Amino acid sequence: MQKFVLLLFMLVLLGPLAIDLYLPVIPAISQGLGSDNATIQSTISLFIMIMGWGQLVAGPLVDRVGRRPMALIGIVIYIVGAITAALATNGSVFIASRILQSVAVCCTAVVVFSGVRDRLNGDDAARTFGFLNGTLNIVPALAPFFGGLLSAAFGWRACFWFLTLYASVVLLLTLRYLPETRPADTLRLPGLPIKQYARILFTPRFIGFAGCNAGIMGMALTYLSMASVVLMVHGGLSPLQFSLVFGANGFWVMAMSLLATRAIVKIGRPACLRLSVILIGSGFLLLCAIILWLPEALQARWWIFMAPVVVAFAGLAFAIGPATSYALEPYANEAGTASALVGFVQMAGGACVGLGVMALPLTPQSTLALSMLCATLLALRAQRLSAKARGTITALS
């Protein structure tokens, strides 16, 4: 069983590595491919959007085709995408490579969490889900640092050759050790559960809480896309320095997430959502003050740019858990369908917010401020809905 969980751990890393490893080298990629920063930045939101839509397709396919075949297909596509990125000669080819990798991660991510449900129950399953989800928080803090080191030593293409190597190792291990875990009585739908998706999606309660997650994801994606340009191009940080600043914020979010886990039990979910509105809104107001009152030369200094980000991202930690639990509570008998939709709304909706604000002719700081405003308003909507929602949490581990 330990080998099985370790392999799932290696599979789940494919997603965050593909997103976060190349963040410090976005300006270098833009320069190397003769493209503009905005085009390369947009590949982050594009990646997340495809992951969101892809979950709706990958779920039924994993049930129909099987866990092991879909994992192998996903890893092969991932490798092709990584090689394409490493050999890219222009922005269009690079975008195509990111599309391939995002499609691949749709397959592997669904396989990972389906595999846990297939083989583990009760506390064992809960601990494994916690372990796997923990990696999704740790890797964004560490991957940019490693990507910065790779770029400094070998150039930006080394990040994608590393992804190729890593995925190749995972492919060999999957071929050797990953069993087919799909239960024999698995319901194999002939197509997508469109009616179930539509019924849940158009429920005001569900879309209100899932929309909160989408707004927060949009804010996070805008930050991910803008941070490298603001801090390195305008602020003068080296890729390694940027990685340290970015990683520190990742660990800050982890710490706030642990605090929020305890706060949900102590003060309740409505209070946590209220606190998230206050924190994200405060980050928005602080960033507006910086834009209005400080000269542009000062705005790009890392500690000035990061101050409102740190405040707003603390609010992120207090919103995600309560909003997700409220969205899923009414669907105990169809949790899988509802969970797929939560992921879809969060990722695809967040990508729409990120791409939408980044398409406007605004400065990076103003773009980030607009995304914070969207997140604040959607969190406020969720907080008001929570006052009418039923359900309690007695313990969290």
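Student: Let's start with one residue: is Leu231 buried or exposed?
Tutor: Keep in mind that this is a predicted model. Leu231 sits in helix H10, which covers residues 204-234. Its relative accessible area is 1%, and anything under 20% counts as buried. So Leu231 is buried.

Student: Which residues does Leu231 touch, not counting those up to four places away in sequence?
Tutor: Leu231 is buried, so let's look at what is around it. Leaving out residues up to four places away in sequence, the ones Leu231 touches are Gly236, Leu237, Phe242, Val245, Ala300, Trp302, Phe305 and Met306.

Student: How far apart in space are Leu231 and Pro24, C-alpha to C-alpha?
Tutor: Along the sequence, 207 residues separate Leu231 and Pro24. In space, C-alpha to C-alpha, the distance is 9.8 Å.

Student: What about Ser228, is that one buried or exposed?
Tutor: Ser228 lies in helix H10. Setting aside neighbours within four places in sequence, Ser228 is in contact with Leu23, Ile26, Pro27, Val233 and Phe242. Its relative accessible area is 0%, so Ser228 is buried.

Student: Which residues touch the most other members of the largest nonpolar core?
Tutor: That core holds 115 residues, and its largest share, 16 residues, comes from H10. The residues that touch the most other members are Phe160 and Tyr223.

Student: Which residues is Tyr223 in contact with, leaving aside neighbours within four places in sequence?
Tutor: Tyr223 belongs to the largest nonpolar core. Skipping its neighbours within four places in sequence, its contacts are Phe246, Asn249, Phe305, Met306, Val309, Phe313 and Leu368.

Student: How are helices H11 and H12 oriented to each other?
Tutor: H11 spans residues 239-267 and H12 spans residues 269-293. They pack with their axes 7 Å apart, at an angle of about 130°. That angle is neither over 145 nor within 65 to 115 degrees, so H11 and H12 are oblique.

Student: How many residues of the contact of H11 with H12 are charged?
Tutor: H11 brings Ala263, Ile264 and Ile267, while H12 brings Arg269, Ala271 and Cys272. Five of the contact residues are nonpolar and no residue is polar. Arg counts as charged, and the number of charged residues is one.

Student: How far does helix H5 reach from its first C-alpha to its last?
Tutor: H5 runs over residues 67-86, which makes 20 residues. At 1.5 Å a residue, 28 Å would be expected. The model comes close to that, with a reach of 29 Å.

Terms used: Residues numbered from 1 in each chain as written. Predicted model: local features only at pLDDT ≥ 70, side-chain atom pairs only at ≥ 80, totals over all residues. Heavy atoms only, no water. Helix = DSSP H or I, 4+ residues; strand = E, 2+ residues; numbered from the N terminus. Buried < 20%, exposed > 50% of the residue type's maximum accessible area, 1.4 Å probe, protein only. Contact = heavy atoms within 4.5 Å. Axes fitted to C-alpha atoms, helices over the stretch in contact; angles between N-to-C directions. Expected span 1.5 Å × (residues − 1). Core = buried A, V, L, I, M, F, W, Y, C linked by side-chain atoms within 4.5 Å.
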